[in-house]
Amino acid sequence: TIRRARHVPTAGLPGTFSDDYQRTAVAELERITGGDKALPLVFFCAGASCWESYNAVLRANQAGFTNLYWYRGGLASW
């Protein structure tokens, strides 16, 4: 994986912004960032055909995180 990367298992799952996946993902992101919603976050997954990192950006944005990046190529491009 990418150095200093953290796995947030539910962040990329499909669903709604009010489901249990959202609550779990937000709690983990807040733990990782110490609650700093302006901290830069880069989301990635296996490759360009994986949409979990895109979903994670949407979930983080909905939770109020503001400095979000989607590394579309994922590990395949890294």
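Me: How are Glu28 and Arg31 placed relative to each other in helix 1?

Reply: Glu28 and Arg31 sit 3 residues apart in helix 1, which puts about one helical turn between them. A helix here is a DSSP run of H or I with at least four residues, a strand is a run of E with at least two, and both are numbered from the N terminus. The model is predicted, so local features need pLDDT of at least 70 and side-chain atom pairs pLDDT 80 or more, while totals for chains, interfaces and linings use all residues. Residues are numbered from 1 along each chain as its sequence is written, and side-chain values use heavy atoms, leaving out hydrogens and water.

Me: Why is the pair Glu28 and Arg31 called a salt bridge?

Reply: The term asks for a side-chain nitrogen of Lys or Arg within 4 Å of a carboxyl oxygen of Asp or Glu. The closest N and O atoms of Glu28 and Arg31 are 2.7 Å apart, so the pair qualifies. Side chains of opposite charge can pair when their charged atoms come close.

Me: Which of the labels buried, partly exposed or exposed fits Glu28, and which fits Arg31?

Reply: Buried means under 20% relative accessible area, exposed means over 50%, and partly exposed is in between (1.4 Å probe, protein chains only). Glu28 has 22%, so Glu28 is partly exposed, whereas Arg31 has 57% and is therefore exposed.

Me: What makes Glu30 and Lys37 a salt bridge too?

Reply: Their N to O distance is 3.6 Å, so this pair also meets the rule. Glu30, at 32%, is partly exposed, and so is Lys37, at 27%. Overall, the count is 4 salt bridges; Asp20 with Arg23, at 2.5 Å, is one of them.

Me: How do you know that Ser53 is buried?

Reply: Its relative accessible area is 3%, so Ser53 falls in the buried class. Ser53 belongs to helix 2 (residues 52–62). Leaving aside neighbours within four places in sequence, Ser53 is in contact (heavy atoms within 4.5 Å) with Phe43, Phe44, Cys45 and Trp70.

Me: Why are Cys45 and Cys50 called buried, and how many disulfides are counted?

Reply: Cys45 has 12% relative accessible area, so Cys45 is buried; Cys50, at 19%, is therefore buried as well. A disulfide needs a pair of cysteine sulfur atoms within 2.5 Å, and the count comes to 0.
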